[in-house]
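Open the model in your viewer and keep the selection box handy. We will go stop by stop, picking residues and looking at what surrounds them.

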Amino acid sequence: MIRFAVALLGAFFLYISVSYADPGARFADGHTRAPETSPHAALEAQVSDILDRFAATMEPEALVALTPEVVLAFLTGEERAYLSTAFVHFSIDRPARIYIAYDGMYGEQPFWLEELGFERREDLDFIVDVEDPYEVWQREYEAGEVRLGIPSFSGELKPYVVFAAPLGGDEAIEITPLVAGTDVQIAAEGGEPFIDDNDYFNALPAELDGLPVLRSYESWEFVSRMVGFFRTTDYPSSATPDHIVQTWQGDPATEITIQWRTSAGAASDPVLWYAPENDAESVAYARAETMTLRSRQVVNDPAIDLHRVRLTGLEPGGQYAFGVSADGGENWSEVRHFHTAAEPGAQTWRFVYLGDPQNGLDEWGDLIRQAYERFPEIRFWMIAGDLIDHGTERDNWDQFFAEGSTVFDRSAVVPAIGNHDSHGGHPTLYLQQFALPDNGSEHLDPGRTYHLTYQDMLIVVMDSNYDLIEPETQTEWLDRVLGASDARWKVVIYHHPFYASRPGRDNQPLRDAWGPIFDRHNVDIAFQGHDHAYMRTVPMRGHRPAEPGEHGTIYLVAVSGTKMYEQELRDIAAFGTTNERTYQLIEMDSAAGTLSYRAINAEGETIDAFDLAKD
Ligand SMILES: [Fe+2]
């Protein structure tokens with residue numbers, strides 16, 4: 001019926017008065033704030049110039065197939081010398097033997113080691129994080145500045161660590177880091193080779209044990225990436241709208257934001273129609289704002305347009321039909337639907353919580369479609385970070401949206417940022433591609449943190465990447481948002497779990513910064529990810545199990561993609577298991593005041609469940 005009405009009304013489209021903002025190069029919601037300045041800005045600019053030269057001189061197939069040998073042969077002598085000295089920079093106060101150690105698992109080595117006169121010391125090789133075989137090289141340096149080169153051309157081999165031993169004399173050597181962010185620790189078993197990761201040294205050889213060690217960030221691994229930089233997407237855009245996704249930027253009771261994609265420049269007039277279900281008379285139209293997303297690394301689809309419409313003033317508890325068009329309504333997409341949240345207490349409703357999708361996204365797509373078919377009334381999908389594997393690669397996102405939009409085109413997605421979404425140090429593509437509320441911590445980019453109230457549930461979304469941003473940037477805001485809400489249920493989502501499902505993956509800085517605030521405001525559930533296993537704690541308060549009669553917060557970990565980690569449960573776990581991809585269905589009965597939770601695996605079996613009730 002609506003399809004017919006729309007076809008009819010399409011002809012009159014140009015005569016209908018629609019108010020819309022001018023389509024521009026950027027959305028008006030502030031998601032384009034510049035990333036923080038990189039300490040490797042000069043190196044990045046140099047690498048960027050080299051990549052441009054590659055792109056200008058090679059065919060797409062050759063770009064995608066680049067190898068370290070081809071890159072080395074392509075570099076000018078000047079570039080090669082620069083890349084040999086442009087990454088780690090420090091000074092030593094006396095002559096020293098400098099050791100470099102990196103993960104040998106990747107079968108790569110920094111190209112400049114032998115050129116700079118480093119020699120292999122196989123007898124010093126050691127293990128990191130139980131299984132990573134670190135390889136050691138050494139060279140002697142005079143007192144003064146030392147400049148060392150890029151970790152790799154591929155980005156797979158992560159930054160190396162640097163140990164320094166004095167040559168002669170017993171006095172300890174002093175290393176002064178000269179790249180912002182790098183630090184110096186004393187090497188010891190259990191110490192960590194990266195500032196931003198919890199990998200740790202197993203027993204170190206006596207010659208290295210106790211030496212000062214200069215560390216950098218694992219997330220700097222892609223700074224010099226050229227091999228593997230150029231990629232093809234399996235989901236290129238076209239002139240036909242695809243990747244239709246619903247999110248909320250404001251009140252879910254009266255608003256919805258709908259976004260879709262076309263090739264850059266392919267949409268002559270991106271518009272959307274919508275109407276209350278069974279009321280085709282009330283069809284309205286809105287023109288989209290368009291933003292072009294350029295990714296030179298995607299050789300077969302380097303620019304896409306994202307079209308976005310934020311509808312406001314909708315009826316609470318409503319069901320609407322809609323469709324989108326790239327050409328002013330000459331061709332419409334199939335009819336789809338969205339719902340608005342009812343008034344608090346008015347309806348029962350359902351949502352899904354998902355742990356990391358990240359890997360095996362096709363199987364992840366099957367899982368969420370299976371969830372939707374079994375429970376078609378799902379109102380939104382809450383995802384606790386690591387939506388994809390490499391946040392800087394748009395082709396990863398293309399696959400995520402290709403799979404995700406099979407359900408996000410009919411129910412909204414409520415995402416949080418994980419470490420993989422922030423690969424490269426800033427979640428740029430995440431923030432550009434999700435239209436989210438601009439009500440987060442004022443210390444952070446809009447969209448990194450936000451909150452929504454869906455009927456009688458307050459949902460607070462945080463950014464737990466504490467190696468990149470201090471958890472304290474969110475405490476005051478978190479306290480304020482939780483304190484200001486009188487919602488019956490208060491839940492939080494973020495990526496790194498307070499209580500790890502496996503020892504050695506602990507995230508104490510978060511627990512210390514946010515735990516007291518969760519306790520103060522009686523947060524009911526923390527939806528978390530990152531540990532690639534399933535775990536539910538008993539209700540916790542003050543970092544211990546809540547006493548009978550005390551309010552406690554349940555901390556959940558789950559995984560929806562195919563990457564799995566082992567688990568060692570502690571006594572605070574009420575239930576845990578591994579090698580299970582799950583979705584979690586949460587059914588809310590507003591009249592009864594109950595929350596009913598089920599974790600369901602890919603075979604459709606319920607593996608864990610609990611119920612909560614409130615007045
Ligand atoms: Fe993660």
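Select residues 508-520, helix α10, in this predicted model. Its 13 residues, at 1.5 Å a residue, should span 18 Å, and the end C-alpha atoms are indeed 18 Å apart, so the expected and modelled lengths agree.

Now zoom in on tryptophan 514. Here α10 has a kink of about 40°, shortly before proline 516.

Next, show side chains along the helix. Which residues of α10 are buried? They are Leu510, Trp514, Gly515, Ile517 and Phe518. An α-helix has 3.6 residues a turn, so residues three or four places apart point the same way. To see what the buried residues of α10 pack against, add α9 (475-484), β24 (489-493) and β25 (525-528) to the view.

Step just past the end of α10 to asparagine 522, which takes a positive phi of about 55°.

From there, hop to α9 and pick valine 481, which lies in that helix. Valine 481 counts as buried because it has 23 C-beta neighbours inside 10 Å, where 20 or more are needed. Beyond its neighbours within four places in sequence, valine 481 is in contact with His451 and Val460. Add glycine 440 as well: 41 residues separate it from valine 481 in sequence, yet their C-alpha atoms are 9.3 Å apart.

For the last stop, select residues 241-340, which an unreviewed UniProt entry lists as "domain: Purple acid phosphatase N-terminal". Colour this stretch by secondary structure: the chain here is 50% strand and 0% helix. The C-alpha atoms at the two ends of the stretch lie 23 Å apart.

Notes
Residues numbered from 1 in each chain as written. Predicted model: local features only at pLDDT ≥ 70, side-chain atom pairs only at ≥ 80, totals over all residues. UniProt positions renumbered as here; feature names shortened; annotations may be inferred. Helix = DSSP H or I, 4+ residues; strand = E, 2+ residues; numbered from the N terminus. Expected span 1.5 Å × (residues − 1). Bend = angle between axes of the 7 residues up to and from the residue. Buried ≥ 20, exposed ≤ 12 C-beta atoms within 10 Å, placed from the backbone. Contact = placed C-beta atoms within 7 Å.
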